[in-house]
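Fancy getting to know a new protein by working through a few exercises? Have a look at the sequence and the model, then try each task before reading its solution.

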Amino acid sequence: MLRAGFDSLLSLVIFLVFTGFAVAALVFAAMAREDAYRAADKQTKKFWLIVLGINLALNLLLPMLFLQIAGLVAAIVFMVDVRPALAQVSGGGRGGRGGSSSDGPYGPYNGGR
C-alpha cells in the first residue's frame, strides 16, 4: 500500500519536473530571434520549436518514461548548448543590457575613484 503511494508520487514529481523543463525550453526557444539561431550557427528556430513542441505534447499526451527521457535530452541540449550561444550573439548573455567587463551587479565598478 505504501509502495504504491510512493510510486505514484514519484511518477507525479517526474512528470511535473520534465514537463516544466519542456515548457521552459520551449518558451526560451520561442523568445529568441530567428537571426540569432543563424548567427550562432545552430539549427533554425522552426526546428527547435518543432522538436521542443513535440517533446511537450508527448509529455502531456503520452506520459511514458522512455519518451519523457528522450524529450528531456532534447530540452537539455537546447538549454545547455543552443540557449547560451543565442544569448552570446544576442547581447552577451547579460539580458541584452550590455555593459563592460568591469560592471558589477549594481552598475559600473570604477575602482574606488
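What follows is a set of exercises on a predicted model, each with a worked solution.

**Exercise 1. Getting your bearings**

Task: Work out how many helices and strands the protein chain has, and in what order they run.

Solution:
- Start with the count: you should find four helices and two strands in the protein chain.
- Now walk along from the N terminus, and the elements read α-α-α-α-β-β.
- Next, look at burial: of the 113 residues in the chain, 21% are buried.
- Finally, take the contacts between residues at least 6 apart in sequence; 65% of these join residues at least 24 apart.

**Exercise 2. Into the core**

Task: Find which residues of the largest nonpolar core touch the most other members, and which element gives the largest share.

Solution:
- The core has 14 residues, and the ones touching the most other members are A25, Y37, W48, L52, F78, V82 and L86.
- Then ask which elements chip in: α1 (2-31), α2 (34-39), α3 (45-61) and α4 (65-91) each give two or more residues.
- The largest share comes from α4, with six residues.
- As a bit of background, nonpolar side chains tend to be buried together in soluble globular proteins.
- Zoom in on L52: setting aside residues up to four places away in sequence, L52 touches A25, L26, A29, A74, A75 and F78.

**Exercise 3. Two helix pairings**

Task: Describe how α4 packs against α3 and against α1, and say which residues make each contact.

Solution:
- Take α3 and α4: their axes come within 9 Å and cross at roughly 145°. This crossing is left-handed.
- On the α3 side, the contact uses W48, V51, L52, N55 and N59, while α4 brings Q68, G71, L72, A74, A75, V77, F78 and V82.
- Sort those residues by class and you get nine nonpolar, four polar and no charged residues.
- Now for α1 and α4: the angle is about 40°, and the axes are 9 Å apart. Here too the crossing is left-handed.
- From α1 come I14, F15, F18, F21, A25, F28 and A29, and they meet L65, Q68, I69, L72, A75, I76, F78, M79 and R83 of α4.
- By class, the contact of α1 with α4 has 14 nonpolar residues, one polar and one charged.

**Exercise 4. A polar residue in the packing**

Task: Decide whether N55 is buried or exposed, and list what N55 touches.

Solution:
- First, place N55: this residue sits in helix α3.
- Its relative accessibility is 5%, and the cut-off for buried is under 20%, so N55 counts as buried.
- Leave out neighbours within four places in sequence, and the contacts of N55 are A22, G71, L72 and A75.

**Exercise 5. Rings in pairs**

Task: Find how many aromatic pairs there are in the whole structure, and name the type of the F47 and W48 pair.

Solution:
- A search of the whole structure turns up two aromatic pairs.
- For F47 and W48, the ring centres are 5.3 Å apart and the planes sit at 85°; planes over 60 degrees apart count as edge-to-face, so this pair is edge-to-face.
- The two partners differ in burial: F47 is partly exposed at 36% relative accessible area, whereas W48 is buried at 7%.
- W48 also pairs with F78, this time tilted, with 5.5 Å from centre to centre and 55° between the planes.
- W48 belongs to α3 and F78 to α4, so this pair ties together parts that are 30 residues apart in sequence.
- F78 has 0% relative accessibility and counts as buried.
- Put the pairs together, and F47, W48 and F78 are linked into a cluster.

**Exercise 6. Two loop residues**

Task: Say where P63 and D41 are found, and what the phi of D41 is.

Solution:
- P63 is in the loop between α3 and α4.
- P63 and S11 are 52 residues apart in sequence, and their C-alpha atoms are 9.4 Å apart in space.
- Not counting residues up to four places away in sequence, P63 touches F15, L58 and Q68.
- D41 is in the loop between α2 and α3.
- D41 has a positive phi of about 60°, although it is not a glycine.
- With a relative accessible area of 68%, D41 is exposed.

Conventions:
Residues are numbered from 1 along each chain as its sequence is written. This is a predicted model: local features need pLDDT of at least 70, side-chain atom pairs count only at pLDDT 80 or more; totals for chains, interfaces and linings use all residues. Side-chain values use heavy atoms; hydrogens and water are left out. A nonpolar core is a set of buried Ala, Val, Leu, Ile, Met, Phe, Trp, Tyr and Cys residues joined through side-chain atoms within 4.5 Å. Buried means under 20% relative accessible area, exposed over 50%, partly exposed in between (1.4 Å probe, protein chains only). Contact means heavy atoms within 4.5 Å. Axes are lines fitted to C-alpha atoms, for helices over the stretch in contact, and angles run from 0 to 180 degrees between N-to-C directions. A crossing is left-handed if the near helix is turned anticlockwise from the far one by less than a right angle, and right-handed if clockwise. Ala, Val, Leu, Ile, Met, Phe, Trp, Tyr, Cys and Pro count as nonpolar, Asp, Glu, Lys and Arg as charged, and the others, Gly among them, as polar. Rings of Phe, Tyr and Trp (its six-membered ring) pair if their centres lie within 6.5 Å; planes under 30 degrees apart count as stacked, over 60 as edge-to-face and the rest as tilted.
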